[in-house]
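Let's take a walk through this protein, stopping at a handful of spots worth a closer look. Keep the viewer open as you read.

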Amino acid sequence: MGGDKNRNMALQSTATYPQLAVRPVGKQIHQLYRDRLGQFTDNGQYKEQGLLAKLYDGRLNGEENVKLSVWDAPDLTRPTFDEATKRSNEYRKTKIGESFGPSWSTHWFKVQFKLPYDWTYKPQVELHWDANNEGLVWTHDGRPLQGLTGGGERVEWVVPKEYRDYDKWHTIYIEMACNGMFGNAPGGDSIQPPNPNKYFALGQADLVSVNLDARGLFYDFWIIGDAAREFGQDSWEEHQALQVCNEIMDCFITGEGSNSCLKDCREIAKKYLGDDVDSAKVYDNDNEALISGIGHCHIDTCWLWPWAETKRKIARSWSNQCDLLDRYPEHRFCASQAQQYKWLEQLYPYAYDRVKTHVKKGTFHPIGGSWVEHDTNMPSGESLVRQFVYGQRYFESRFGERCKTFWLPDTFGYSTQLPQLCRLAGMTRFFTQKLSWNNINNFPHTTFNWVSLDGSQVICHMAPAETYTAEAHFGDVNRSVTQHKSMDQDPTSLLVFGKGDGGGGPTFGHIEKLRRCRGLADKIGKLPRVTMGESVDDFFDRLEKKATDGTVDFVTWYGELYFELHRGTYTTQANNKRNNRKSEILLHDIEYFATLATVSGAKGYKYPKKGIDAMWENVLLCQFHDCLPGSCIEMCYDDSNELYAKVFFTGEQLLADALEALGFNDKTAKNSQDVGINTLGWDRQSSIITVEDTNKITSGVTNSRLMYLDPSERSALPLVFLTEAEAGVYVLENADLRVAVKDGVITSLYDRNAKRELVPKGGKVNQLVIFDDKPLYWQAWDVEVFHLNSRKELKAASPTTISENTPHRVSISTLTNISDKSWIRTTISLSAAPSTLDSSSKRSSQLEVSAEVEWHETMKFLKVEFPTNIVNTEASYETQFGIVRRPTHYNTSWDMAKFEVCCHKWADLSEHGYGLSILNDSKYGFATCGSLMRLSLLRAPKAPDAHADMGKHHINWAILPHVGALDDRTVRAGYEFNYPVHVATHPEPRTIQHLLSAFRLTPDSSNSLVLDTIKRGEDDEDASNGDMPAKKGKHVILRIYDSLGGTSRGTVNLGPIKVSKAWKVNLLEDELEEAVLGKNGLEVELRAFEVGSWKLLLVTKHAEIHDVDERKAALHTFSSAETTVGHFEMETMWFLAFNEDGTKIKVLTELVDSRSVAELFVKIEAKKKESAA
Ligand SMILES: [Zn+2]
C-alpha cells in the first residue's frame, strides 16, 4: 500500500548523491577539537599566532608620544588633587619600569601625550596603564574620570575625542595608590596581614590603537567556546558550538589573521550568536528573559585597607560606571551604603554630580536603604533601626526617593527581626547570597518569603549564580537556572555582576559577554535568556506582583537566616565589640536626657541633633560587615578606635549638657543631694553601687526614674556573708543563694528559695576553658566545630583572696594563668538579695563576675563554662527586639551547625519551673550543648590582623538563676546589667521627680513591654539637621517592643508632658494611624515580638492652638474672663497668661493635668471665677 510512491521519492532525492566515496572522513575526536580552541585565545606558546596578537594594531610609549613625571606624596598621605598639583610640588621625570612604594603610599603622575597623524582617525585609542595597583585618571583641571585596577584588570582608559587632535600635547594626571584591589597582602594569600613594604613597578603606560573587529571576535569566540565547553556533549547545541569555533579558527588561519578575515570570522560567529551582538539591539525583542543582569561593585567600607582608601575606591569605581553607563545604553548599575555616597559628595563633587545625573536618568540605582552594609548579628535593635533611618533619609534627601530593597549580599548571617524592620523602613524586599557559603548545609531556597519573629515578611532573593561579583560568564548565566532552587514557584533570578572592592565594578568586557549570551540564547536556545536595562526593583516588582495576586505561592522561611560559617566573628576584636555596645547605650541615654531637657523647656538648651547624628553615623559606620565582626586588618581597628574615641568624647559632653539642663550637677547649688538616674523604663531593682569608693544602696522612687542613694550603712545588719568554710573554699551567702567557690570555680550554687542545687555532681560552674582554634582558612572569621575536641580546663595560679567584705557585698578574686604570657583575674561578687534591700522586689539574686584579662595567645579560644542540671532541647538567646530559640542538641546537621551562636545581653536555659540566665556586658558568642552553657570570651586569630585582641580586656558576666520560666526578669536584668545608673547631684530631687515619671510604662502594663528608645522627631524644627524639610512643633518618638513573644498591652505615662496628638509611626516616623491618648497616657498594644513606634505631638508655645475651632473657644473664654489678657503662651509644663502690657498675671501650674487646650481654658475660667468669688 503506497510502497511504489515511496520508492519513487527515494530515487529522486538521491539522484545527485555521489555513487563513489571521494575520500575518507573521520569522526571528529571531540576533546581534541575542543582543547584546540585554547590555541586561539590563550596567552600560551601560540599567542603570537592567535587572536590576542591582533587585538591592537599600534602601540606607542616612547618620549615622543608619552612623557611621564611623578610627585611622591609624603608620609603615606593621600592628598587631594589641588594639593597634589600645587606649583611647588616638584614632578620628576619617570619611566616604565620604575618602582613606587611603599605600601599605602600615593604617587601622582603627570602624563603628557600626543598622537601621530595617522592615529587621529583610528577607531579607538586607549591609554593602557598598569602598575599592579589602583589608580585614578584625572583631567588636567581636576576632574576624576575613571579608575584603574592593575594586574591586567581594567588597565585601559579610552582616550576621548577631544584628546585626539594631531600633534598636540595633552595632559592628564594619574593618582597611584600603592595597594592592589585587595590591599597589600604579602603573597598570594590575600587575608594575611599586609606587607608594609611593597613596591609596584610601572609596567605599562602605552597608547594603543584597538582593532575593534579583533576585540569583538575575542568575545564572540569566548562565549561560543564556553558553549562548546559547558553545554553537555549530549546536546546538539554543544556540538554546533564546537563546529562554529573550529570554523572560525580555520578561517583565521586561512586568512592569515588579516583584517578582512577577522570580519569573515565574525560573520561565522553570527551563526551562533545572531546578528545583533554589537549593540544593545540584541536585547530589543519580546522574548521572555529569566535572568535580569544588574551591574554592581561590592565595596567593602573597610577590610584589607583603611577607610581612607575606601573613599578613593568609591570615586574610582563609580566614575568607571558613569563612563560605562554613557557608552552602553543597556547597562544599569546599583550601589548601596549611604555613607559611601556621602563620602563621594564631600570629597569628589564632580564624580558625585555625574552619579546624580545618572540617578536622575534612571541608570545608576541607589539601593539598600541602610547607612552601610552592616553586620546584623551584633548591632542592637535600635542600631538596626538607625541603619535604616540614616540610610533612607540620606537617599531621600539627595535623590528624592527611598530604597525599596534591602541589600546585604555579603553580611555574615541575618537577624530574625530584619523582615519586620525592613517593612517598617519602607522596604518589602531583601537581597543576599552569603548563605551559599554555608559549609555544612545547602540553603534550600532561591526566592522565598522570609518571615520575622512577629510574622512580618519580605520577599527574599538569593542570586542562584551564588555571587554578587559575577564575571558575567556564560557559566554565571547558565548557573542562574541550574542552581535555582525555587523553580517550582518562579524561575527568574538576578545576576549581579561586576568586580568588587578595587575591581571597580562591571567592565566593558562583562557587558560585551552578556550581549553575546543573550544573542546565543535567542539564536540557539539552551542558555537561559538574560536581559539588561532593568533595575533590581523592576525584578522584585514582578515577584511581588506574583505573590500579591496569588499567581505564585512562594515558600516561607521563618526566623533567622543563620550563616553556617564565620562563627568566630561573634568574638573576634573584643574591644571593638565592647565599644559598639557601650556607644549604643550611651546614645540611648543621651537621647533620653536630651529629649527630656528640650520638652521640659530647659532654658537655652537645644536638642543636640548634630552631635547625636555625628555619633550615630560613626557607630553605624563601625558596624560595617567586616569592622564589627572583626575581619579587618589592624589599620581598620586603629581607624575605628579613633572614631569610638570621638563618639565617647562627644557623648560624655552631650550627656553632661543634658543633665545640667535638667538641673543636675549644678555646681553653684548648695546642699545638693546624690541621686541615681535610671534611664530604663521600669523601676530598677535596688542594688549596691559604688560611688567614690563608698558603697551606696540605690532605691527607686516608684513611678519615677529617680533613685535615691543611701549609704549602705543604713542597715546595721549584714545582708550577705562570706566565710572560708574549709581551706581555700569560700562560701558566699545571701537570702537567695549559697555559693561555694574553690579556686575561682563554683562547686555549689544553691537556690535557697527553690531548695535546688544548680551545679551538677562534679560540675564546675565558671570554669575557664581554652581551645585550640585553627579553622580551615578564614582565621578571624571562623571557628570550626572540631575546636571543641581540644577543650582544656585552666587552673588557678594562686590562692583566692577576699577583695570585698561589707555588709552588702562580698567578693573574692582568683588569678588564673592562661599561659606564661597570659592571665585572667576573675572576681566573683554576691550582693545583698534584692528582696532584702527592697521588700517589693520580685527579682532573685545574681552572681556577678568581673574579669581582667591579659591576653597574648596564638590561635586559642577562651571561654567560660556553666554546666547546669537543666534539661531542654532548646535554649533562648536575646536578639534584637526579641528572643531566638536554638537547639541544644546535634540531631541533624542543621542543629549541629549552630554549635556557636550569637546572643546579645543574655542567654537562657530553662526547663519547667526553673531556669538559668547568663548575662554579659560586651560579648556576643555563646553555645549551649546539652545542659552545658558556654560564654565565648576571647580569640587569637593572626589574620588578617596579626595582633587581634592582644592585650588587656575587661569583661563582666553574671549568673542569674530563676524560679519559673524565662520572663521579663531576665530581659530586665540584661538591661540593668548593661545600662548604668547615672549618678548625679540635684539640689531638690523631688522637684524633678514628676518630670522623670514621664515616658514610662504604667505598672499595670504587660511586663513584656520594653520602652526602648525615647528621642525627638527627626524633622522637628528645633532639632532638624536640614536634610529634610522641618516640621512644625515638638515631637517625641517612643519605640516599644514586646520582648517575650505575646500580645502585650500597656500605657505610657506622660507625667507632666502635654501631648495634643499621637500617632503610631514607622521607623522613618511616617504616620501610620492615630494613637489613643487615654486618661493615663498613651495606650499601646503590640503583637508578639512587634516593634512599635509612636510619635507624640507636644503642646508647646502656639503649637496646639492652630485648630481654628479650638482657638475660637479659647478666645471666647478669654474675652469673657474678668482679666483682659493680651496673649497667652503655653509651655509643656505650665501655662502663662499675660496682660496686654506684657506682664505676667498668673502661673497656673496646678492645671498641668489638662489634656487639651479647650479643657485647660475651661479650667482657667473656673479658677478665675473661684478667685474672684
Ligand atoms: Zn563585603
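The tour below goes from the metal site to the main pocket, and then on to some loops.

One thing to keep in mind is that this is a predicted model. With that said, start at the zinc ion. Its protein donors are His298 and His625, each through NE2, plus Asp300 and Asp410, each through an OD atom. These donors sit 1.9 to 2.1 Å from the metal. Along the chain, the donor residues follow the spacing H-x1-D-x109-D-x214-H. What do you call the arrangement of the four donor atoms? It is irregular, because the angles they subtend run from 90 to 155 degrees, while a tetrahedral site would need all angles between 85 and 135 degrees. As for how covered the site's residues are, His298 is buried, at 2% relative accessibility. Asp300 also counts as buried, with 2% relative accessibility.

Next, the largest pocket. It holds about 1,200 Å³ of space, and its lining is made up of 43 residues. If you want to find its centre, look for Ile688, Ile689, Glu848, Glu976 and Phe977, the lining residues that lie nearest to it. Which element gives the most to that lining? That would be helix 16, residues 574-599, which supplies five residues.

Now for the loops, beginning with a pair of cis peptide bonds. One runs from Gly101 to Pro102, with omega near 0 degrees, and Pro102 sits in the loop between strand 4 (99-100) and strand 5 (106-113). Another runs from Ala943 to Pro944, with omega near 5 degrees. You'll find Pro944 in the loop linking strand 45 (932-939) and strand 46 (951-963).

Positive phi values turn up in loops here too. Lys755, between strand 30 (745-751) and strand 31 (756-757), has phi near 50 degrees. Asn766, in the loop between strand 31 and strand 32 (767-772), has phi near 70 degrees. Are these residues buried or exposed? Lys755 is exposed, since its relative accessible area is 64% and the cut-off for exposed is over 50%. Asn766 is buried, because its relative accessibility is 2%.

The last stop is Ser1008, in the loop between strand 48 (1000-1001) and strand 49 (1009-1016). It counts as buried because its relative accessible area is 11%, which is under the 20% limit. Beyond its neighbours in sequence, Ser1008 touches Tyr1041, Asp1042, Ser1043, Leu1044 and Ser1048. With Ser1048 there is also a side-chain to side-chain polar contact of 2.7 Å.

Conventions. Residues numbered from 1 in each chain as written. Predicted model: local features only at pLDDT ≥ 70, side-chain atom pairs only at ≥ 80, totals over all residues. Heavy atoms only, no water. Helix = DSSP H or I, 4+ residues; strand = E, 2+ residues; numbered from the N terminus. Buried < 20%, exposed > 50% of the residue type's maximum accessible area, 1.4 Å probe, protein only. Polar contact = N/O pair within 3.5 Å; in protein donor to acceptor, adjacent residues only side chain to side chain. Contact = heavy atoms within 4.5 Å. Donors = N, O, S within 2.8 Å, 3.2 Å for Na, K, Ca; no water. Tetrahedral: all angles 85-135°; square planar, octahedral: opposite > 155°, others 65-115°. 1 Å grid on protein atoms, 1.4 Å probe; cavity = no way out; pocket = protein on both sides within 12 Å on 5 of 7 lines; lining within 4 Å. Points joined across faces, edges and corners; volume = space filled by probe spheres on them. Lists of a residue's contacts leave out its neighbours within four places in sequence.
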